[in-house]
Amino acid sequence: MSAFRLNVPARSWNRRAMLKLGAAAAAWPLLGSPESAFARRRLALKDNPFTLGVASGDPLPDGFVIWTRLAPQPLADGGGMPRESVEVRWEVAADDAFKKIVAHGTAVAAPELAHSVHVEVPGLAANRWYWYRFAVAEATSPVGRARTAPQPGDAVDRLRFAFVSCQHWETGLYTAYQHMAREDLDIIAHLGDYIYEGKTNDKAPIRKHNSVEIVTLDHYRNRHALYKTDEHLQAAHAMCPWLVTWDDHEFDNNCAGDISEETSVTPKYFLARRANAYQAYYEHMPLRAAQLPQGPHMKLYRSVGYGNLANFSMLDTRQYRSDQPCGDGNKPQCPEALDPKQSLLGEAQEKWLYRTLDDSAAKWNVITQQVMMALADRKAGEETTHSMDQWPGYEANRQRVLQYFAAHKELNPVVLTGDIHTNWVNDLQAVPHDCKAPTVATEFVGTSISSGGNGKPNDGTPAMMVENPFVRYHSAERGYVSCEVTPQKWTSHYRAVPEITLPGGPVVTRKTFIVEHNRPGAQEA
Ligand code: FE
Ligand code: CA
């Protein structure tokens, strides 16, 4: 198809269109090149197809994924796109003015994948920033910025990244992302609950979901689109590459493996719904083709390296886990939780994790995952209870992983966790219920972006600290965790956003913890 030639010089430029599209479009003279009659006919300029922004992800030393989705009416069926494929131009530049284009091409946005575009940009230089954008017909996307990873063996002085989770639309604003945009971050890691599947809550105080509980592919697409209309979320995606993994709410609350927690739901229906959830997730995230789902299966666990400094093992603790053996509340560990066959990771992923760590020469090995690993007693008083939806519900699996860490101290493992809507800093010990046991890894648990609404710093904290001597910090405020990693030292800043029900709430750094290289365990800075 010759209609989308990206290299031809500008010819006729529609002046009125340029004024409407503003400076971003004006900076891209290629938009004046001839486009197909189809695109001209279908995508009138009043319908900006880039309403959901742009994103990048999963950096390699020679490139990254860039993403967008064409959706001129993001909340309409099909995003307001015709049920036809559309060719999208993309380009990557070494400068933010796009004077030095270093890669460009076209991609097909097909209705089968909700007109999403995932381009795995190749051939870039390692460890530097690039800028990217898309164009279709006469519309240009916002500009995104992405950074390639350093070469595997290369010495790297510093990595700055933030990790986040749990952004329920109805319970709060994404002010945390607004503050994140003011930090100089190389990467943002999202640990799950990017969307929530629930129906509209008519009493939601801030903003509302717009449908019944989502089950069909169109439902899931619509919910992702709704969340992606948020300007602060879009800005955070445009700022740097993201590493994404999911938890339960991208599909269904507290889901486990191939079984529904609702006994009335047959496995056939459950997996059909999961296929919808996974497809919509892929369509809305900056993921590589290796993550393209096959029906109800999607391989999301993967590793991302950052020179000799850090290696991220991104886990999926939902898709392959055995059913919660003792139910999913806070309970004493039932005997089944100690059964070695009960698995949170599934056999293949657990083997993959050990293999990945065995092969890693990174100074820090970051286990980027969902549910809390520390064996926290969740109840004050005599009865000891743990969350059975988290690692303690799969105690044998938890102990295998911790014993692996104990046997491989040179890995400097740091576990990053979401899901729980509270902040925790935990020293992870391989021997359960022994507060004198050596610490083998450090767990930083990040609170929610918005889930739960405005939090409280000390909600439940005194009891948690008393019951659990390995807990260094606990807080029930909203926010995110900003990390700075150097060869000698890991630093985690706990940023709190106390007010998320009104726009423009401030950010406060509540606590900063460090981990020294080759000395597991958190120390307050
Ligand atoms: Fe959540
Ligand atoms: Ca969750």
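Contact, as the word is used on this tour, means heavy atoms within 4.5 Å. The model is a predicted one, and every value quoted below was computed from it.

**First stop: Asp 247**

Select Asp 247, which sits in the loop between β11 (242-244) and α7 (267-284), and display its surroundings. Leaving out residues up to four places away in sequence, Asp 247 touches Leu 191, Gly 192, Asp 193, Arg 318, Gln 370, Val 371 and Asp 419. With Arg 318 shown as sticks, you can find a polar contact of 2.7 Å between the side chains of Asp 247 and Arg 318. Asp 247 counts as buried because its relative accessibility is 2%, and the cut-off for buried is under 20%.

**Second stop: the calcium ion**

Next select the calcium ion (ligand 2), whose coordinating residues are Asp 193 (OD), Asp 247 (OD), Asp 248 (OD) and Asp 419 (OD), at 2.3 to 2.6 Å. Asp 193 is found in the loop between β10 and α5, whereas Asp 419 is in the loop between β17 (413-417) and β18 (423-429), so this pair ties together parts that are 226 residues apart in sequence. Along the chain, the donor residues of the calcium ion (ligand 2) follow the spacing D-x53-D-D-x170-D. If you colour by accessibility, Asp 193 comes out as buried at a relative accessible area of 1%, and Asp 419 is likewise counted as buried, at 14%.

**Third stop: the iron ion**

Keep Asp 193 selected and add the iron ion (ligand 1), since Asp 193 coordinates both ions, which are 3.8 Å apart. Which protein atoms are the donors of the iron ion (ligand 1)? They are Cys 166 (SG), Asp 193 (OD), Tyr 196 (OH) and His 421 (NE2), lying 2.0 to 2.5 Å from the iron ion. Why is the arrangement of the four donor atoms around the iron ion (ligand 1) irregular? The angles that these atoms subtend run from 86 to 164°, whereas four donors count as tetrahedral if all angles lie between 85 and 135 degrees.

The spacing of the iron donors in sequence is C-x26-D-x2-Y-x224-H. Within that set, Cys 166 and Tyr 196 link distant parts of the chain, 30 residues apart: Cys 166 is in the loop between β9 (159-164) and α4 (175-180), and Tyr 196 is in the loop between β10 (187-190) and α5 (217-228). Cys 166 and Tyr 196 are both buried.

**Fourth stop: the cysteines**

Now select Cys 326 and Cys 334, which are joined by a disulfide with an S to S distance of 1.9 Å; the structure holds one disulfide. The torsion about the S-S bond is about -75°, so this disulfide is left-handed, and both of its cysteines are buried. Move on to Cys 240, whose sulfur is 13 Å from the closest cysteine sulfur, that of Cys 483, which is too far for a bond. Cys 240 is buried, at 0% relative accessibility, while Cys 435 counts as exposed, at 52%.

**Last stop: Ala 109**

Finish by selecting Ala 109 in strand β4 (residues 101-109), a residue that is buried with a relative accessible area of 0%. Neighbours within four places in sequence aside, Ala 109 is in contact with Leu 70, Glu 84, Ser 85, Val 86, Val 88, His 115, Ser 116 and Val 117. To end with a long distance, draw a line from the C-alpha atom of Ala 109 to that of Tyr 394, which is 285 residues away along the chain, and it will span 42 Å.

Terms used:
Residues numbered from 1 in each chain as written. Chains lettered and ligands numbered in written order. Predicted model: local features only at pLDDT ≥ 70, side-chain atom pairs only at ≥ 80, totals over all residues. Heavy atoms only, no water. Donors = N, O, S within 2.8 Å, 3.2 Å for Na, K, Ca; no water. Tetrahedral: all angles 85-135°; square planar, octahedral: opposite > 155°, others 65-115°. Helix = DSSP H or I, 4+ residues; strand = E, 2+ residues; numbered from the N terminus. Buried < 20%, exposed > 50% of the residue type's maximum accessible area, 1.4 Å probe, protein only. Polar contact = N/O pair within 3.5 Å; in protein donor to acceptor, adjacent residues only side chain to side chain. Disulfide = S-S within 2.5 Å.
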